[in-house]
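Here's a quick walk through one model, with an eye on empty space and on how one helix sits among its neighbours. Have a look at it first.

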Amino acid sequence: IFTPMKTSKFGYALVLAIWLAVPAFAQKKYDNTLKKADDLYQDGAYKKALKTLQSFKKSVTSKLGQQNNYMPQYYLRYAKTNLALGVLSNFESSLESALSSSQNVYGENSTSYASTLIDVAAIYNTYGNYREARSYTIKA
C-alpha cells in the first residue's frame, strides 16, 4: 500500500532518474554522430562526413545552444574534412572558431583548450603550414 509520503518520494526519485538519464542519452547520441563522421572520413567519404557534421551541428546547437563542449570538435572536424575535399574558403575561420569556442567553453588555462591547440596544430601541419603549426604547438 502506497501512502502519500511514499508515493511522493517515489515520484521524485522517478523524475530525478529520468532527468539524469536524458542528458546521458543525448551525449551518447552526439558522440555516436561524431564517430560516424570520423568513420566516414577515414573511409574517404568526405562529402558524406561533411553532411553528417552539418546535421550534427544543427542538432547540437538546437538542443545545447551555440556555446557547448561539442562545438570545438565540430569546427576541427569541419576544417579537416574541408581540407581533404580541397575546399579552403572557410578553412582558417573554422580553425579560429574552434579555438574561440574552446576558449569560451573550457577557459584558456584548461587541458581541453590545450588539446584543441594541439589539434589545430596537427591540421595546420597537414595543410603544410608548418610555421603556424609550430606556433600553436608552442602555445599549447
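What follows covers a cavity and then a helix.

Keep in mind that this is a predicted model. Searching the whole structure turns up 1 cavity of 30 Å³ or more. The largest cavity holds about 40 Å³ of space. So who lines the largest cavity? The lining is made up of A37, D38, Y41, A49, L53, R77, K80 and T81. Three elements give two or more residues each to that lining: α1 (4–43), α2 (46–64) and α3 (71–85). As for chemistry, the lining residues split into 4 nonpolar, 1 polar and 3 charged.

Now for helix α4, which spans residues 91–106. Here are its basics:

| Property of α4 | Value |
|---|---|
| Number of residues | 16 residues |
| Reach, first C-alpha to last | 22 Å |
| Expected reach at 1.5 Å a residue | 22 Å |

In other words, the reach of α4 is close to what's expected.

Which residues of α4 are buried? F91, S94, L95, A98, L99, S101 and S102 are. They sit on the same side of α4, because the arc they cover around the axis is only 165°. And what do the buried residues of α4 pack against? Their partners are α3, α5 (111–127) and α6 (130–139). That makes α3 a familiar name, since α3 also gives two or more residues to the lining of the largest cavity.

Just past the helix, α4 is followed by G107, and the phi of G107 is positive, near 95°.

How values were computed:
Residues are numbered from 1 along each chain as its sequence is written. This is a predicted model: local features need pLDDT of at least 70, side-chain atom pairs count only at pLDDT 80 or more; totals for chains, interfaces and linings use all residues. Side-chain values use heavy atoms; hydrogens and water are left out. On a 1 Å grid over the protein atoms alone, a cavity is a set of points where a 1.4 Å probe fits but cannot get out, and a pocket is an open set with protein on both sides within 12 Å along at least five of seven lines; lining residues have an atom within 4 Å of a point. Grid points are joined across faces, edges and corners, and a volume is the space filled by probe spheres set on the points. Helices (H or I, at least four residues) and strands (E, at least two) are DSSP runs, numbered from the N terminus. Ala, Val, Leu, Ile, Met, Phe, Trp, Tyr, Cys and Pro count as nonpolar, Asp, Glu, Lys and Arg as charged, and the others, Gly among them, as polar. The expected span of a helix is 1.5 Å times one less than its number of residues. Buried means under 20% relative accessible area, exposed over 50%, partly exposed in between (1.4 Å probe, protein chains only). The arc is that of the directions from the helix axis to the C-beta atoms. Contact means heavy atoms within 4.5 Å.
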